[in-house]
Amino acid sequence: MIQKRWFWVITTMIGVLLGLGISQTVEFQEATAAPEGGLSELREELNLLKAKQRALQAQWQSELLAQIVPTLADESERVKREFVNFLEEIGNPGTDALIALLQDPSERVRREAVDVLGEIGERERKAKRNFDAIAIGLASALNDPSEKVFRETVEELEDIRPTSPASVAVVIPALIATRTRGSSSARSDVLNVLGAIGEILSKNGESTDTIQDALIASLADNSSRVRTNAIEELSDIRATSRETFTALINALADKSESVRNQAEDELIELGKGNAVIVTPMLADALGNSTSPVTRGHIVDILGGIGEKGKTTEDAAATIVQTLLVALQDADDNVRRNAADELGEMRATSPDVLPALTNALKDSAKKVRNAAEKAIRRIEKTQ
């Protein structure tokens, strides 16, 4: 009972003080309101004064609330949680106090402090106000020994998606450092946050190289779920470097079908606008691969890129010539895929129809059928 009374005495005192600050703001605004017809310069000057007063008030509130935290050291977990709830109502001025509570011995208090920091951060982001302190504070919580606190922190960082230079400089390295921590679900969630931040940075024309490298590294994760997610996030941040294409082509040999299929889809998507770079890489991979499954994926990708009609003349020629080579592959599934893709592309190179006509004599019926269908498509187009 003494603890409860003590806590409410403190919170009531803070509420009164904060209330006084609010009332003073109102009185200040009324006193400084420019009369109708007043000079615009006077209005601007008065608005600046009011803005400075609000900033000073917020700073004072923040310092006062942060000073309360050390006095809670010997209080019960319940008292601390009540204080966290109180800070949620206060909003941004309670940030410093909440960050201090991230060091509390109680896992529950730390987790609730993270949750409230995220709530405030999301409000500040939507209001287009600065929330760097919140993002940096949450980044520190990624090192929390509790898996629950860690997972809650990752979730809150995904909600607020910090992208300012000051926050990115701290948050991204902190996320990358925890990329291999915890369960496959937790590791996948970390990649989601990196991808969400990277997508915004990419749209703003900012570098995502560090995030790209981390996602590529996660393609070596022992979980197919994490590897698949890493590929999805590489697509979201529009990573189109040679390093990315090399990693995605290597993923076509992954033991997981879901990873291979995801890599195929993303190579087609990312290759649309980068055919000049990726098609020679795919042609080399086709010639070097000993796996018919991988070669089949490469043929599908080449056809998918060429089918879109957004390739340069040189890239289109490389695609057609590579598919003609695949039409002679030792594996009948690869040969069939090559015939299908040549038909889908409506390839009009002089070498195509003779090659397809020759494929009508293939030992595999499915190859002969695919070649016949491709010939009809091409002749119809011509």
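These legends describe close-up views of a predicted model.

**Figure 1. The whole protein chain is built with helices and no strands.**
The protein chain has 19 helices and zero strands. Its length is 382 residues, and 47% of them count as buried. Take the contacts between residues at least 6 apart in sequence: 66% of these join residues at least 24 apart. A search of the whole structure turns up 19 salt bridges. Several of them appear in the views below.

**Figure 2. Glutamate 264 is buried and has no salt bridge.**
Glutamate 264 belongs to helix α13, which covers residues 257-271. Which side chain of opposite charge is nearest to glutamate 264? That side chain is arginine 260, and it is 7.8 Å away. A salt bridge needs the nitrogen within 4 Å of the carboxyl oxygen. Glutamate 264 does have a polar partner: its side chain makes a polar contact with the side chain of histidine 297, at 2.5 Å. Leaving aside residues up to four places away in sequence, glutamate 264 touches Leu252, His297, Asp300 and Ile301.

**Figure 3. Phenylalanine 83 and phenylalanine 86 form a stacked aromatic pair.**
The count of aromatic pairs comes to one. That pair is phenylalanine 83 with phenylalanine 86. The ring centres are 6.3 Å apart, and the planes meet at 25°. Planes under 30 degrees apart count as stacked, so this pair qualifies. Both residues lie in helix α3 (residues 77-90). They are three residues apart there, which means a separation of about one helical turn. Are these residues buried or exposed? Phenylalanine 83 is buried, and so is phenylalanine 86.

**Figure 4. Arginine 181 meets both an acidic side chain and an aromatic ring.**
Side chains of opposite charge can pair when their charged atoms come close. Arginine 181 and glutamate 147 form a salt bridge through their side chains, 3.8 Å from N to O. Arginine 181 lies in the loop between α8 (165-177) and α9 (184-203), while glutamate 147 lies in helix α7 (residues 147-160), so the pair ties together parts that are 34 residues apart in sequence. Glutamate 147 is partly exposed, with a relative accessible area of 34%. Arginine 181 also has a ring partner. Its charged end sits over the ring of phenylalanine 150, 4.2 Å from the ring centre.

**Figure 5. Threonine 178 is buried in the loop between α8 and α9.**
The relative accessible area of threonine 178 is 5%. Which backbone oxygens lie within reach of a polar atom of the side chain of threonine 178? The backbone oxygen of leucine 175 is 2.9 Å from such an atom. For the backbone oxygen of alanine 174, the distance is 3.4 Å. Setting aside residues up to four places away in sequence, threonine 178 touches Leu142, Phe150 and Val190. Phe150 is the residue whose ring lies under the charged end of arginine 181.

**Figure 6. Glutamate 156 is buried in helix α7.**
Glutamate 156 has a relative accessible area of 3%. Buried means under 20%, so glutamate 156 counts as buried. Glycine 118 is 38 residues away from glutamate 156 in sequence, yet the two C-alpha atoms are 4.9 Å apart in space. Beyond residues up to four places away in sequence, glutamate 156 touches Val114, Asp115, Gly118, Glu119 and Leu138.

**Figure 7. Glutamate 122 and lysine 126 form a salt bridge within helix α5.**
The closest N and O atoms of glutamate 122 and lysine 126 are 3.7 Å apart. Helix α5 covers residues 107-126. The two partners are four residues apart in it, about one turn of the helix. How exposed is each partner? Glutamate 122 counts as partly exposed, at 21% relative accessibility. Lysine 126 is exposed, with a relative accessible area of 58%.

**Figure 8. Glutamate 372 and arginine 376 form a salt bridge in helix α19.**
The two side chains meet at 3.4 Å, N to O. Helix α19 covers residues 365-381. Glutamate 372 and arginine 376 are four residues apart in this helix, so about one helical turn separates them. Glutamate 372 counts as partly exposed, at 41% relative accessibility.

**Figure 9. Arg81, Arg108 and Glu112 share a network of salt bridges.**
Which residues make up this network? Its members are Arg81, Arg108 and Glu112.

Note on methods. Residues numbered from 1 in each chain as written. Predicted model: local features only at pLDDT ≥ 70, side-chain atom pairs only at ≥ 80, totals over all residues. Heavy atoms only, no water. Helix = DSSP H or I, 4+ residues; strand = E, 2+ residues; numbered from the N terminus. Buried < 20%, exposed > 50% of the residue type's maximum accessible area, 1.4 Å probe, protein only. Lys, Arg positive; Asp, Glu negative; His and termini not counted. Polar contact = N/O pair within 3.5 Å; in protein donor to acceptor, adjacent residues only side chain to side chain. Contact = heavy atoms within 4.5 Å. Phe/Tyr/Trp six-rings, centres within 6.5 Å; stacked < 30°, edge-to-face > 60°. Lys NZ or Arg CZ within 6 Å of the ring centre and 35° of its normal.
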